[in-house]
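Work through the following exercises with the coordinates open, and set out each solution step by step before comparing it with the one given here.

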Amino acid sequence: MPVAKIENLVKKFGDAVAVDNVSLQIEQGEIFGILGPNGAGKSTIINVICGLLSFDAGKVEILGREIKRDPVYCKRNIGIVPQDIAIYEDLSAFENVKFFATLYGLRGMGLKERVEEALDFVGLKDKAHSYPKAFSGGMKRRLNIACALAHRPKLIIMDEPTVGIDPQSRNHILRSVKKLNELGCTIIYTSHYMEEVEEICSKIAIIDHGKVIAEGTKDELKAIVMNTNGVWITVDSVHQVSAERLKEIKGVVHVEIKDNTVKITSSADINNLDKIILYFTGNGIPLKNIESKAPDLETVFLTLTGRKLRD
Amino acid sequence: MRNAWLLAINTLKQTARKKGTLIILLVLPVIGVLVAMAAYGSIGSSSVTLGVVDQDHSNVTGDLVKSLDQEGQFKILSLDEQDIETYLTAGKVDSVLIIPQGFAESITNGSITNGTGDIKENLAAPRLVSIKGEAATAWVQNYTNLYLQNLQDLSQAAGGNGEVFEALYHKYQEKNVALTVNKVQDQTKSKGMTTQSIGFLIMFMMLGAGTTADMILKEKRNRTYYRICAAPVSPRTYVLGNVMANLFLVLIQIILTLFLMSKVLRIETFVPLPELFLILMLFGLVAIGLGLIIVAFANDSVQAGTLQTLIITPTCMLSGCFWPLAIMPKSVQRIAEFLPQTWAIAAIEKLQAGSAFSQVGINLAIILAFALAFFLIAAYRFGKNNEVKTFI
Ligand SMILES: Nc1ncnc2c1ncn2[C@@H]1O[C@H](COP(=O)(O)OP(=O)(O)OP(=O)(O)O)[C@@H](O)[C@H]1O
Ligand SMILES: [Mg+2]
């Protein structure tokens, strides 16, 4: 039995279709990544799964029960980490986790233990009795996660849990996601950071404009773009580099210029490295470094949509 | 139900940690009572001068004047009849008590009373002339009436026999000062004080309920509402939790104010405390309902705050929370009939005037109807936009 099963889900806001006929199946023990740019419909899908949003068509099942028929059962088995931090500034970290845990029916002796366990899990044990007012962004994010854990849900849904935080907190969060998974939790993880998704997710769905445009394991997805390869060329100054001219070279499918690096993607079956280098040397642009890049999820997205995940 | 309870506790916990909210909830009602006390305390202070024209020059009238003087509420000034107008218009006295000739006589033979205890319109009854409003004279009127009541009781006991009355009167005078003070209460003053204190309490109850309801908007803003709804909690349970927290706070406000009035400041309310309590609790429901409506219609806290101020203050003014409704124009009194506060205050005034509790049933029913209507409107509105999408 899949932990979550979404069939032909459609959600409209007025005339705008936010989720367009999406079907996903999340199996026990997976870390399921939903990758997509801003406005792709990730949060909308999540809100539907959590029973917070009605939908226009389709079917959503959690642990074999329909969310519309049995919302209480479904909600009880889900832990949600919302995209926006949802905690009380006037309650201590401990009180925050405790309050939300009690809403799921926890009480008595077990309650305190579970709350401490959750705080310990996100590394906030020694801050249990401090108030979130004094917390850094990363600490608030971690508390936001702890609030979803104390009732030990079977399915944990994290909606961009690492937005806008320092690398240290981010690594901590990614590690805890893996640890939760090892403890037997199934996890849905949305992000528009493809590196994150690539690092932790066992299965990935790429969403754009409310549609699933690709789905599979990391390797399956990368196989889509196996016929491309990338080369990153670092120069002193990108002033004189023209993306347009580079694209005229045979086999080049995409050019991106960022800082002092020119990232060029080409079809694998055409060997055009010599022509690319010639372009630089011919225009008197000294090369500082040349790097060959294996395809990543960014390339996958790029290839599928012609756009980048993030600007 | 457990979840509603948990939500209520959580709301209360946060309220308790906000100094500003606590002040609105608990300190302001206390200040309201004190303000009402001060407003009424100043009336009848020694800054008011009472002229007395004693045309009777009898023992009895002398004692009456003396006893008025001893009360210390007024400066007493003895006048002749022809001076009344000059003194009054010049403002040297605020009001004049005229005790006609034959007063003692008519007391002694019992002709001043009509037997039921009311003072008969009678030439021999004292009159009060005043250019200030009722407020200035009410106390004297009360006092004199009670004094007369005592005399008339004696007179009745004496059965019109002058000598027996004389004997009784002497006994009365001897052991009397304490007795008089005990018996004579300035009812107008403490009745007014009660109504005004309750008026302030009503306003602060409304403000308080608005503040607590505002927690809903805050929870939507800080997204905890989202998390609560993601837990197995229905929007209905959520609102119920807020109402429960609100009821508790209203209860505290009422108990605090009533305790302060009756036990600390010892204001005689002339309404049994349980009845007062019941009326106020019913009105508490109205306040909570209104708070929910405001929150249901407002988009953010600023809007809610503005709406709250725009609604609560003027309606409290119109409905006689701050001053008696009777002093306002007829047209305003008409409008006031459509305000719930009016009915609560009217109920209290009726009870003060001696009505039985059953006679204010209509008032209570109207207050309850207001509360019910408010809850229904709020519920309808919450139902319409309870989908969390509006807050994502
Ligand atoms: N309450 C709403 N009313 C109207 N439109 C909405 C609402 N919520 C979302 N949308 C629209 O639905 C689309 C999908 O939004 P959604 O929040 O699901 O995107 P997302 O993938 O989570 O993006 P992000 O990465 O920015 O969080 C967007 O075009 C958004 O404007
Ligand atoms: Mg989102």
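**Exercise 1. Determine how many cavities of 30 Å³ or more there are, and describe the lining of the largest cavity.**

Solution. The model is a predicted one, and the search for enclosed space in it returns 1 cavity of 30 Å³ or more. The space inside the largest cavity amounts to about 30 Å³. As a next step, list the lining, which consists of Leu7(B), Thr11(B), Met215(B), Glu219(B), Tyr238(B) and Asn242(B). Assigning these residues to secondary structure, one finds that the elements contributing two or more residues to the lining are α1 (2–16), α9 (187–221) and α11 (235–264) of chain B. Sorting by class then gives 3 nonpolar, 2 polar and 1 charged residues for the lining of the largest cavity.

**Exercise 2. Locate ligand 1 with respect to the chains, and characterise the residues that surround it.**

Solution. Begin with the position: ligand 1 lies between chains A and B. There are 14 residues around ligand 1, and the closest are Lys42(A), Ser43(A), Thr44(A), Gln83(A) and Glu160(A). The element that gives the most to this shell is helix α1 (residues 42–49) of chain A, which supplies 3 residues. By class, the shell around ligand 1 comprises 4 nonpolar, 7 polar and 3 charged residues.

**Exercise 3. Find polar atoms of chain A that approach oxygen atoms of ligand 1, and state how much of the ligand the protein covers.**

Solution. Taking the side chains to start with, a polar atom of Asn38(A) is 2.9 Å from an oxygen atom of ligand 1, while an N or O atom in the side chain of Gln83(A) lies 2.8 Å from an oxygen atom of the ligand. Turning to the backbone, a polar atom of Lys42(A) is found 2.8 Å from an oxygen atom of ligand 1. Ligand 1 on its own has 630 Å² of accessible area, of which the protein covers 64%.

**Exercise 4. Assess the confidence of the prediction for chain A.**

Solution. The mean pLDDT of chain A is 89, and 98% of its residues score at least 70. Going through the elements of chain A, the lowest mean pLDDT, 75, belongs to helix α11 (residues 297–305), and the highest, 96, to helix α3 (residues 93–103).

Definitions and conventions:
Residues are numbered from 1 along each chain as its sequence is written. Chains are lettered from A and ligands numbered from 1 in the order in which they are written. This is a predicted model: local features need pLDDT of at least 70, side-chain atom pairs count only at pLDDT 80 or more; totals for chains, interfaces and linings use all residues. Side-chain values use heavy atoms; hydrogens and water are left out. On a 1 Å grid over the protein atoms alone, a cavity is a set of points where a 1.4 Å probe fits but cannot get out, and a pocket is an open set with protein on both sides within 12 Å along at least five of seven lines; lining residues have an atom within 4 Å of a point. Grid points are joined across faces, edges and corners, and a volume is the space filled by probe spheres set on the points. Helices (H or I, at least four residues) and strands (E, at least two) are DSSP runs, numbered from the N terminus. Ala, Val, Leu, Ile, Met, Phe, Trp, Tyr, Cys and Pro count as nonpolar, Asp, Glu, Lys and Arg as charged, and the others, Gly among them, as polar. A residue is near a molecule or strand if one of its heavy atoms lies within 4 Å of it. A polar contact is a pair of N or O atoms within 3.5 Å; within protein, one must be able to donate a hydrogen and the other to accept it, and residues adjacent in sequence count only if both atoms are side-chain atoms. Accessible areas come from the Shrake-Rupley method with a 1.4 Å probe; for residues, only the protein chains shown count as cover. pLDDT is the predictor's confidence in each residue, from 0 to 100.
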